[in-house]
2 protein chains.
Amino acid sequence: MTKPSYTALAASLPASVPFVSPDTQQRLRGEPYRARLGANENGFGPSPNAIKAMADAAPECWMYGDELSFALRQALAEKFHISLDNIVVGEGIDSLLGNLVRLLVEKDTPVVTSIGAYPTFNYHVAGFGGKLHAVPYKNDHEDLEGLAEIANKTAASLVYLANPDNPMGTWHTGTAIMEFVDQLPDGCLLCLDEAYIEFAPEGISPEIDVNDQRIIRFRTFSKAHGLAGARIGYGIAHTELISAFNKVRNHFGVNRIGQAAALAALADDEWLDQTIAKVTRAKAIIADIARDNGLTALPSASNFVAIDLGRDGEFSRKVVEYCDQKGIFIRRPFASPQDRCLRVSAGPDAELQLFAEVLPQALRAC
Amino acid sequence: MTKPSYTALAASLPASVPFVSPDTQQRLRGEPYRARLGANENGFGPSPNAIKAMADAAPECWMYGDELSFALRQALAEKFHISLDNIVVGEGIDSLLGNLVRLLVEKDTPVVTSIGAYPTFNYHVAGFGGKLHAVPYKNDHEDLEGLAEIANKTAASLVYLANPDNPMGTWHTGTAIMEFVDQLPDGCLLCLDEAYIEFAPEGISPEIDVNDQRIIRFRTFSKAHGLAGARIGYGIAHTELISAFNKVRNHFGVNRIGQAAALAALADDEWLDQTIAKVTRAKAIIADIARDNGLTALPSASNFVAIDLGRDGEFSRKVVEYCDQKGIFIRRPFASPQDRCLRVSAGPDAELQLFAEVLPQALRAC
């Protein structure tokens, strides 16, 4: 039996998954987590209106969704005072990252990111044969100066920046980001991942200017809106770039129930405000837990907190593992020296209480 | 403001959508269709168990789905007596087609399909720079001999075949398809789209042999299971090919509610049997409507019927348009000479009744 004729690029790629999901981890450990605080999911849940919209949409699921996500894009356009043509909706930011990379990256195209930043971006760059240049963090912040320097040195086509940052929760101001963009070489696009922006204080997101062809920003319903499982992300950019997604995207990839859920969630400002307040409170609790154990919590503009364990990555790995065995799902950054930290997602009190109980045991045992 | 640096391929592609959705068509006409019979959706709807599973999963949507679709793949593996490692789940067959093409097709890779077959496949081939060779239908069937001939002549890497065929509803036997595979050149993969297979009689699908590296088959929950909006398709093939999807797929692209819905639908054989019976009955009604208007309905192994209008594509276009204006959504094949037909999806009696009323008016008016 003859084998399929893979492309040289496909043959060269590893079969890899950027992340193992909490569901998979649970299955492998044989029982559910008592506290699910490791994937920056939003344990406060989606708006009841979104839940109702999903239940209402269920019997209508025999119909294909709207390949244009028209109603959702219309609502987003109104919210941001831009045109529908400045917005693309996709199956989570992950999908949009893949399409963006596909539009800009081919064999050996130089691309810049930070060491230990979002691995799914790296996965897509590798998947299209790009050459990734990664810059170390500086004081637990993505290093704008360092990123711009390498982008110029390599004449990069694409730079990835998450603001607020994941996995550290740190941030730059919108002003600093626009100064950064000014320093990028001609024809270099900033991919600004704003997955956590709803949790950030004012002034962290550069003002939206869809005439600026140097930036695309990605946002999502997975975090503040509590709809990670619905798979709805969106991109905001110049019409020309947004239109280019129609060259490569899976037009019917977005599910009908997710579209209904996102639309309902977007209209429920009150729930969003409550969620942000709950997350702020939960982050303070996590910081208290850290302090009670003689540890430092990094300030965070996201829905998670990095707790500095003050030791090496081997130690944090053991602490994460210990917590896992006790039913507490948390994670830690992938790369050194950020991997000296734990990364704990904001969640309901009961789950944080369990973390508060297990953490001191873990610190003693590891 | 500098523009992004698109790849040469991306710059050369048109921003196109293979299909305009019924939802978009409805929006553009300003009111809902009275009969939605044009997209081969399943108007008999999903299993009540699937609807309940979706409603139950809605509050859990704050959690990411399982990137492995483990439970669903396990259930499918049991059903087909194969391993989980022979199954990949994706955001509809469309998504899996895109990933398959990406694995096998690069600039100028020869690929073979039929003229007027599934346009989304063509979209993906163009999107990765492949060179598509298209063979005419023969007596309203995809022409296996012609496809094999061109595949050999061009040393194609990939051949697309839908069985049962869309848009004609015709079919080949499993035996004929395996003889066809034997005639393909070394290293040529058959992409066998079995989206409609549940509606087909016995003997139409080649026996599943996952040791055979020359075939991948795609199936879906969009048609017989009535879950088009949930976006759950799957591929069955040799473990090596299935594993290769993990090199390129959007691991978290499948939504959590869709996973729950598909699992529940798969377990409800009784609903599936009822659906198939309803579809069989509806197809007979459509054939009766054709006959009552002096027209011929083609035999169909799918959930739709091609009605031969016996004239040219311009006439059928007018008939489709007339029906559309009267609130009856139907379609017709894209390519000549198949475009002499209407394509009408099986649906509830009330909708077929409306079609029965409007068709004779359309035939008179056009």
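This text walks through the pairing of two chains, from their symmetry to their shared core. The model is predicted; local features need pLDDT of at least 70, side-chain atom pairs count only at pLDDT 80 or more, and totals for chains, interfaces and linings use all residues. Residues are numbered from 1 along each chain as its sequence is written, and chains are lettered from A in the order in which they are written.

Start with the symmetry. A turn of 180° and a shift of 0.0 Å along the axis lay chain B on chain A with an RMSD of 0.0 Å (least-squares superposition on C-alpha atoms of residues with pLDDT of at least 70 in both copies). The two copies are therefore related as by a two-fold rotation axis. In chain B, Ala55(B) has the C-alpha nearest the axis, at 2.3 Å. Both copies use the same surface: 100% of the contact residues of chain B recur in chain A.

Now the interface. Here 80 residues of chain B are in contact with 80 residues of chain A (contact: C-beta atoms, placed from the backbone, within 7 Å). Helix H5 (92–104) of chain B is one of the elements giving two or more residues to this side. H5(B) gives the most, with 6 residues (helices: DSSP runs of H or I, at least four residues, numbered from the N terminus).

Last, the core. The largest nonpolar core has 240 residues (buried Ala, Val, Leu, Ile, Met, Phe, Trp, Tyr and Cys joined through C-beta atoms within 7 Å; buried: 20 or more other C-beta atoms within 10 Å of a residue's own, placed from the backbone). Among those with the most contacts inside it are Ala261(A) and Ala261(B). Leaving aside neighbours within four places in sequence, Ala261(A) is in contact with residues including Met54(A), Leu227(A) and Cys61(B).

Key:
Two residues are in contact if their C-beta atoms, placed from the backbone, lie within 7 Å. A residue is buried if 20 or more other C-beta atoms lie within 10 Å of its own, exposed if 12 or fewer, and partly exposed in between; C-beta atoms are placed from the backbone.
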